[in-house]
Amino acid sequence: SDRRNRYQPQFVAEVQMILAVVQARYSSTRLPGKVMKPILGRPMLELQLERIRLSKKIDKVVLATSSHSSDDPVAELAKRSGFDVFRGSLEDVLDRFYNAALPYHPDHVVRLTGDCPIIDPTIIDLVIETHLQKDTDYCSNSVEATYPDGLDVEVCKFSILKTAWSEAKLKSQREHVTPFIHSQPHRFRNFQVKND
């Protein structure tokens, strides 16, 4: 018994729950209904969700859409595809995003927007892995754009998301989820993944 204990690891790495929240809504002002537009006969959002599912680092994916009736088709598509759905505020996207994540008690949250049908799961995993290795509060490949549009990934600790949700007051901070975090590098440990 003593010998067995001597060779056991002194600590066990804590398993971290990583949740992806995909923001999608029908009522885009620039291109209404864009997330449901067909690509090769299938809704764009359906293709994107399939690609996100290929990530090796994400434990769970939830789609966050609004409670507005125009987003009924978005919610139904996600449910049919086997994804959890959260419906919340149309305008306060930070509130919708935070409350979509809250029931899962994640350690880290990945933010993805629902209009990126060619999102790359290897890039998603790269940003997540960088975030974990560097122990950042917030990590992304999009604040300083070195990747093509449509490959944007943001990851933050859930505790930091909660801080943003509690403290953000400006409309711009509530509409876009992460500006409160990435605009304060003096306060949060932020890191940018850059394309070589």
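These legends walk through several views of one protein, shown here as a predicted model.

**View 1. The whole protein, with its eight helices and nine strands.**
Let's start with the overall picture. The radius of gyration is 18 Å, close to the 16 Å that the globule rule gives for 196 residues, so the protein is as compact as a globular protein of that length. Along the principal axes, the C-alpha trace spans about 65 × 40 × 35 Å. Of the 196 residues, 46% are buried. The accessible surface comes to about 10700 Å², and carbon and sulfur atoms hold 52% of that surface. Among contacts with a separation of 6 or more, 67% join residues that are 24 or more positions apart.

**View 2. The largest pocket and its lining of 32 residues.**
Rolling a probe the size of a water molecule over the atoms shows where empty space is left. Here the largest pocket holds about 900 Å³ of space. To find its centre, look for Gln 23, Arg 30, Arg 111, Thr 113 and His 176, the lining residues that lie nearest to it. Helix H4 (93-101), strand S6 (108-113) and helix H8 (179-182) are the elements that give two or more residues to the lining. Strand S6 gives the most, with three residues. By type, the lining divides into 10 nonpolar, 11 polar and 11 charged residues.

**View 3. Helix H6 (residues 158-167) and the elements that cover its buried residues.**
An α-helix has 3.6 residues a turn, so residues three or four places apart point the same way. In H6, the buried residues are Phe 158, Ile 160, Leu 161, Thr 163 and Ala 164. What covers these buried residues includes H4 and S6, along with strand S8 (154-157), helix H7 (171-175) and H8. You have already met H4, S6 and H8 in the lining of the largest pocket.

**View 4. Lys 34, a buried residue in a loop.**
Follow the chain from strand S1 (18-23) towards strand S2 (38-39), and you will find Lys 34 in the loop between them. Its relative accessibility is 16%, and because buried means under 20%, Lys 34 counts as buried. Leaving aside neighbours within four places in sequence, Lys 34 is in contact with Ser 28, Met 44 and Asp 115.

**View 5. Leu 40 and His 105, each with a positive phi.**
Neither of these residues is a glycine. Leu 40 sits in the loop between S2 and strand S3 (42-43), and its phi is about 50 degrees. With 86% relative accessibility, Leu 40 counts as exposed. His 105 is found in the loop between H4 and S6, and its phi is near 50 degrees. His 105 is exposed too, with a relative accessible area of 61%.

**View 6. Phe 191 in strand S9 (residues 190-192) and the residues it touches.**
This last view brings together parts of the chain that are apart in sequence. Phe 191 and Tyr 138 are separated by 53 residues in sequence, while their C-alpha atoms are 6.5 Å apart in space. Leaving aside neighbours within four places in sequence, Phe 191 is in contact with Thr 130, Lys 134, Thr 136, Tyr 138, Cys 139 and Ser 140. At 30% relative accessibility, Phe 191 counts as partly exposed.

Definitions and conventions
Residues numbered from 1 in each chain as written. Predicted model: local features only at pLDDT ≥ 70, side-chain atom pairs only at ≥ 80, totals over all residues. Heavy atoms only, no water. 1 Å grid on protein atoms, 1.4 Å probe; cavity = no way out; pocket = protein on both sides within 12 Å on 5 of 7 lines; lining within 4 Å. Points joined across faces, edges and corners; volume = space filled by probe spheres on them. Helix = DSSP H or I, 4+ residues; strand = E, 2+ residues; numbered from the N terminus. Nonpolar A, V, L, I, M, F, W, Y, C, P; charged D, E, K, R; others polar. Rg over C-alpha atoms; globule rule 2.2 N^0.38 Å. Buried < 20%, exposed > 50% of the residue type's maximum accessible area, 1.4 Å probe, protein only. Contact = heavy atoms within 4.5 Å. Areas by Shrake-Rupley, 256 points an atom, 1.4 Å probe, with all protein chains shown as cover.
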